Amino acid sequence: MELLRKLIDARARSLGIGLDDVERERVLRDIARWTARKREGDRLVKTEDGSYTLWSGEFGEPYHSLTAGAVRESLEKFVLPSRIVEKATLRGRVRILDVGFGLGYNVAVALCKIKKVAPKAQVEIISLEKDLRRDIPILPEPYGRFHELIIELLPEGEREGVSVRVLLGDARKRVRSLIGFYADAVFHDPFSPYKNPEMWSLEFLDMIKRSMDPEGYWVSYTSSLPVRRALMDLGFRVGSSKPVGRKRGGTVATLMGQLNTLGPSEKKRLVTSPFSVPFRDPGLERDPLEILVDYRLSVLLRERELSSGRREGARTESPSGGLLSGSM
Ligand SMILES: C[S@@+](CC[C@H](N)C(=O)[O-])C[C@H]1O[C@@H](n2cnc3c(N)ncnc32)[C@H](O)[C@@H]1O
């Protein structure tokens, strides 16, 4: 804790932000919560729809949603909202950028659904992945056959109109080699933003954007404010996918495709919540903890702005209680 407190003070000093004790403790408490991990190993776990996933001891999270179900999550949070099956039927050829290959579930479910309606479609998959696992549980049928095909092709290969290429290593470095690849769908599926922030920064998402067809869809399970805010700042139109296994839906974003954008209350949160600031990683090489510290300090600045705006608003309130100015 003491080390974290020192890091917060050092970053605040270098950004020219003076912290009082209450602010320092609030910043510290949030970062400690985001980075807390139990010491535990990897293990196989059964999810709500009966399919299995792995638990990552390193990140303290499962590879797939336990409450939605692993297969159901792949289908409903990635494959369906990305509209990749329709595109394969129309064009006979599609490209998928898979951010975080993990167990390969998202791409296997996509391939199965595509081949069912467009058996001759050419499917090109590029995955970014730090570390390929050797203990991947194979999905149940009808996905199993396609999952096995993908696993057999790893790390790179081509068969039956399917090409797979896994770019191994830190995705922030490997993303630079995607020149000339324009994805129809991006399955953005690292671990959650506060646990794996380097994969959700404005700068990393900008690199992903450069590898997308303008009519393609970026999809993810998260509805996190810093991520949605980064997508909006990058010029994406942003919408929600259907909620699966929890109250909030995931995120769908596109540059020029058709999309029902966020509803008024979600849009308002993106404007008014202090937590709606992107994670920043200029140079794409910062330590994840530093990304979180800078993020929380930016949130603090927004909190100060919002509370001074509220005080201003209260000062300009008329005796009858109507606001003269300063309302948001
Ligand atoms: C939630 S899992 C992905 C699940 C996967 N999409 C599937 O369908 O099975 C997240 C993956 O992101 C990878 N990852 C996390 N940080 C990374 C980084 N900096 N570079 C590349 N891969 C990363 C992890 O190794 C992990 O395999």
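Where along the chain is Pro142 found? In this predicted model, Pro142 sits in the loop that links β5 to α6 (144–153). The peptide bond leading into this proline, from Glu141 to Pro142, is cis, with omega near 10°. A second bond of this kind joins Leu154 to Pro155, and here omega is near -5°. Pro155 belongs to the loop between α6 and β6 (156–159). Helix α6 thus gives its name to both settings: Pro142 lies in the loop between β5 and α6, and Pro155 in the loop between α6 and β6.

With these two loops located, the chain as a whole can be described. The protein chain contains 11 helices and 11 strands. Its radius of gyration is 21 Å, close to the 20 Å that the globule rule gives for 328 residues, so the chain is as compact as a globular protein of that length. Along the principal axes, the C-alpha atoms fill a box of roughly 70 × 45 × 40 Å. Of the 328 residues, 37% count as buried. Among contacts with a separation of 6 or more, 67% are made by residues 24 or more positions apart.

One strand offers a good view of the interior. In strand β8 (residues 183–188), 6 of the 6 residues are buried, so β8 is largely enclosed by the rest of the structure. Strand β4 (residues 93–99) is joined to β8 by 4 bridges, and the two run parallel. Within this pairing, Leu97 stands opposite Val186 of β8. Strand β9 (residues 212–220) is also joined to β8 by 4 bridges, again in parallel. Here Ala185 has Tyr217 of β9 as its bridge partner. Helix α8 (residues 202–210) completes the picture: β8, α8 and β9 make a right-handed β-α-β unit.

A single residue of β8 can be followed further. His188 is found in this strand and counts as buried, because 27 other C-beta atoms lie within 10 Å and the cut-off is 20 or more. Leaving aside residues up to four places away in sequence, His188 touches Val99, Ile208, Trp218, Val219 and Ser220. Val99 falls within the span of β4 (residues 93–99), Ile208 within that of α8 (residues 202–210), and the other three within that of β9 (residues 212–220). The C-alpha atoms of His188 and Leu259 are 71 residues apart along the chain and separated by 18 Å.

The start of the chain makes a useful contrast. Met1 is found in the segment before α1 (2–14). With 8 C-beta neighbours inside 10 Å, Met1 counts as exposed, because the cut-off for that class is 12 or fewer. From Met1 to Ala88 there are 87 residues in sequence and 51 Å in space, C-alpha to C-alpha.

Another set of strands forms an open sheet of 3, in the order β1-β2-β3 and with antiparallel pairing. The edges of this sheet are β1 (43–46) and β3 (61–62), each of which pairs on one side only. Strand β2 (residues 52–56) is joined to β3 by 2 bridges, and these strands run antiparallel. Trp55 has Pro62 of β3 as its bridge partner.

The surroundings of the ligand come next. Of the 21 residues around the ligand, Gly100, Gly102, Leu103, Lys130 and Ala171 come nearest. The elements giving two or more residues to this shell are α5 (105–117) and β5 (122–129). By class, the shell divides into 9 nonpolar, 6 polar and 6 charged residues.

Finally, two loop residues have a notable backbone angle. Arg83 has a positive phi of about 60° although it is not a glycine. Arg83 is placed in the loop between α3 (70–82) and α4 (84–91). Arg83 is nevertheless buried, because 21 other C-beta atoms lie within 10 Å, and 20 or more are needed for that class. Leu284 is likewise not a glycine, and has a positive phi of about 50°. The loop that holds Leu284 runs between α10 (264–272) and α11 (288–315). Leu284 has 17 C-beta neighbours inside 10 Å and therefore counts as partly exposed.

Definitions and conventions
Residues are numbered from 1 along each chain as its sequence is written. This is a predicted model: local features need pLDDT of at least 70, side-chain atom pairs count only at pLDDT 80 or more; totals for chains, interfaces and linings use all residues. The radius of gyration is taken over C-alpha atoms; the globule rule is 2.2 Å times the number of residues to the power 0.38. Two residues are in contact if their C-beta atoms, placed from the backbone, lie within 7 Å. A residue is near a molecule or strand if its C-beta atom, placed from the backbone, lies within 6 Å of it. Ala, Val, Leu, Ile, Met, Phe, Trp, Tyr, Cys and Pro count as nonpolar, Asp, Glu, Lys and Arg as charged, and the others, Gly among them, as polar. Two strands pair if DSSP finds at least two bridges between them. A crossover is right-handed if, with the strands pointing away from the viewer, the path from the first strand over the helix to the second runs clockwise.
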